[in-house]
Each structure stands twice: as structure tokens, then as C-alpha cells.
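Student: I'd like to learn how to read the features of a protein–DNA model. Can we walk through one together?

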2 protein chains.
Amino acid sequence: MAQVRPMRADARRNYERLLKAAAAAFAEHGENASLDDIAKRAGVGSGTLYRHFPTRQALLEAAYVDRIEAIAARADALAAELPPGEALTQWLHELCVGTIQVRGLKALVGSAVADGGSAALTVCGTSIKGAATRLVEAAQREGTLRADIEPIEVLRLAHGVTTASELADGEGTRIRRYLSLLTEGLRP
Amino acid sequence: MAQVRPMRADARRNYERLLKAAAAAFAEHGENASLDDIAKRAGVGSGTLYRHFPTRQALLEAAYVDRIEAIAARADALAAELPPGEALTQWLHELCVGTIQVRGLKALVGSAVADGGSAALTVCGTSIKGAATRLVEAAQREGTLRADIEPIEVLRLAHGVTTASELADGEGTRIRRYLSLLTEGLRP
DNA sequence: AAATAAGCGGGGACTGTCTCCGGTTGATTC
DNA sequence: GAATCAACCGGAGACAGTCCCCGCTTATTT
């Protein structure tokens, strides 16, 4: 199961370089940035890129998984310092803002929530769903969130709020407002 | 301003054929269907396609504007036969279902609402926004919808609901549920 | 230092986009 | 209904992006 042999030093170096170049390129040119160009920027041949990341999707995921995990990790920090209802609200806000700020990240989080990606993305999805579950259940126990709603539904709706807000101006200036509309609908 | 000269018969025929082929191809292969292939299916050269529709976006819009207008037109029919609050709810439901069913239509309605497209799309946007305004204001007058919300915000939120529902299964099975959550948040 | 295999990288096939321009055809005029 | 003329057609081809293949390089092992 585990890698019997660690990655060769040059392979690892190229892998890192590619990840870095990819993050930069995706941020700059959107998620359709030229892959050959990313390879060039990283100083490797395109063959090397395609060996490490067979598809554009794989590269995109690899470049962003840690950001998604970071968002998931925020949930417990917030749970520790705020009452359940507020922690959930605040986390959803950070989730929306975080996904809207980085180009391409929103779609990725979307498919993580929808179980629609690779193994790496599925792991992220599990983290996010776990985080959401803890916050949602706490809020339900507290009585500030209606009982007939599931954590994954909250995630989907947050994704919807992000989309709605994005429609307004491309930035996330309406997130707070639309999110509060949602939480009103989610009260018991 | 007006076309001084009507389109030549063969030009008009090719235009229609292209529209038909495009609708079929987009429905079948998604919005990235090959344009040259669409031209081939329509029995014209690719030059002809690009003359009539300079960009993929233009073709996409031309192929779908009538559907969008049809949705907008439904608003008045519903307003005539239902009380304002119900008419709005029902219309939003039809809007969500309609945009999710046809591949690529959702994004188009989105940019129509966001004023992000061509002249043709802007016209559609005006229709939709007009329809929404009539329904929203009637519901507000009736007192079933909070007063501090604007028609365009309702449209954005409906778009968000569609996205959220789409995340569940790709179909629109959750639309009714998520929409009702939204309308609860929108009560006075 | 030699042996070995993991890894490199760029040439090239392929697909899709979009433009250009010689040839064709529908409209108009007499 | 023939002639004229512009509008229109269409496909060849330049270009850009994707992705694979395979001879060569180099890290690792002994």
C-alpha cells in the first residue's frame, strides 16, 4: 500500500516546482492556463508535467488541496472560541469568502462536496464534511439550527450563496447579506 | 439603425441550420462542443459559422435566447392565476428547473442577470429582471415578502439555489426544498 | 565505480479555433 | 430572362493547446 520506495530527489523537486508554477499560473490566467506553459515556467518538459499530473484536474487539485484542508481546519478553532450557532455562521462566512477569493477554488470545493473528484479531493471532501458535521450538530443541540437539515445540505447551500454573491460583482461583497438570509431560513 | 437590407435567402437558411445544429450539439456534448463539428452537422463551412457567430458565446446565446424569453414570459401568466406570493414562488421554481434541465442554460441566465454578456443577452436580462420586478413588488405589496429585498437579489439567490441543488445530484431534485428554505428566509 | 531503473524532456501527432480569399449564388435592373 | 454586382460560401491552412512516446540522463544502490 505504502510507497515501497520514496520519490527520487529530482522527481520530488520537479513535483514541487510544478505545483508552485501551477498555483501562480492558475491565479494569473484562470483555470484554463496553458499546461505546457506551466511546465515551461517550472523549467521542466511537458512530459514531466503529464507524468506527475495526468489531467488538468489532477494538477488543479494538487495545487489547492492544502487550502481546502486549511478551511476545514478552521472549523475546530472557531468551535473552541464561539458558541455553536455563531461558530457555524462564522465558518460558513470564511468558507464562502475563501472560495471566492482564489480563482478556481470554488469549483473544486464544489466537487469535493459533491464527491465528484479524485482520491485527493475525496479526502478534502471528507475533511470539510466532517468539519461541517461537527458544527451543524453542535448548533442543533444548542437549538439554534433546525433539526431537519443535514450537514451536507448546509455545505451545498453555502456554495449556492457564494455563487449568488459572485453574480453580484465577482467579488464577495454580498456574502454576509445572503448568508444571513440563509441562516434565517435555517432557524428552527 | 434597422437593417437596410434583409438577409439573403441562403444566408438566412444557413443561419437557421446552424442554430439548430448548435442546440443539438450543446445539448449532447455540453457547451464545449466542437464548433467545426457544429458547422459540419449544419452542412456549412466553418467560415460561415464564424461569420454569423464570431464567438462560441454568441452562438450559445443565439441558440438559447428564446428559451430564456419563454421563462420570463411565464411570469405574467402565473401572476394572472395565482396570488402574488405563490406566483413568485412558482415562477422561481420554474426558473430553477428550466435552467438546470438544459445544459449550459444556467450559466447563460447567470450572465444575463449579471449584465455580463452581449446585446442579445442584455435584452434577455431586461426581460427576466422585469418579470422578477413585477412579481417581487406584488408580493411585497401583499406583505408576503420582506420589503428590504430587491428583485435582482431574488434572481441571484435563485441562481444560488439552482447551483446548490445541482451539487446534490446534477438533477434538480432538491430545488423545491432549497427554494422553500430560501423563501422562509425571505419572509417579512 | 559500475549497474540499474526511475525519471527527464522535447519532438511530434492530434484536435479544436479562427481567418483569409477565390469562387459561387441570390438579388436587382433593364 | 440575361447581365451585373455585391453578398455570401467554404475549406485550406496557420496557430495554439493537449498529450504521448521513447532515447537519453542521472540518482541510487552495492
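**Domains first**

Tutor: Sure. Chain A is assigned domain 1 (1–54) and domain 2 (60–186), with bounds that come from an automatic or database domain assignment. Keep in mind that this is a predicted model, where local features need pLDDT of at least 70, side-chain atom pairs count only at pLDDT 80 or more, and totals for chains, interfaces and linings use all residues. Residues are numbered from 1 along each chain as its sequence is written, while chains are lettered from A and ligands numbered from 1 in the order in which they are written.

Student: How many residues does each domain of chain A give to the contact?

Tutor: Two residues are in contact if their C-beta atoms, placed from the backbone, lie within 7 Å. Here domain 1 of chain A gives eight residues and domain 2 of chain A gives six. The C-alpha centres of these two domains lie 29 Å apart.

Student: What does the UniProt annotation cover in chain A?

Tutor: Such annotations may be inferred rather than shown by experiment; positions are in the numbering used here, and feature names are shortened. The unreviewed UniProt entry puts "domain: HTH tetR-type" on residues 12–71 of chain A. That span is 82% helix and 0% strand, and its end C-alpha atoms lie 26 Å apart.

Student: Now the DNA. Which residues come nearest to strand C?

Tutor: A residue is near a strand if its C-beta atom, placed from the backbone, lies within 6 Å of it. For DNA strand C there are 22 such residues, and V44(A), G45(A), G47(A), A9(B) and G47(B) come nearest. Helices are DSSP runs (H or I, at least four residues; strands are E, at least two), numbered from the N terminus. α3(A) gives the largest share of this surface, four residues.

Student: And which element gives the most near DNA strand D?

Tutor: That's α3(B), with four residues. Strand D is surrounded by 22 residues, the closest being A9(A), G47(A), V44(B), G45(B) and G47(B). For classes, Ala, Val, Leu, Ile, Met, Phe, Trp, Tyr, Cys and Pro count as nonpolar, Asp, Glu, Lys and Arg as charged, and the others, Gly among them, as polar. The surface near strand D has six nonpolar, nine polar and seven charged residues.

Student: How many residues does each chain give to the contact between chains A and B?

Tutor: Chain A gives 18 and chain B gives 18. On the chain A side, α8(A) has the largest share, nine residues. That side divides into 11 nonpolar, five polar and two charged residues.
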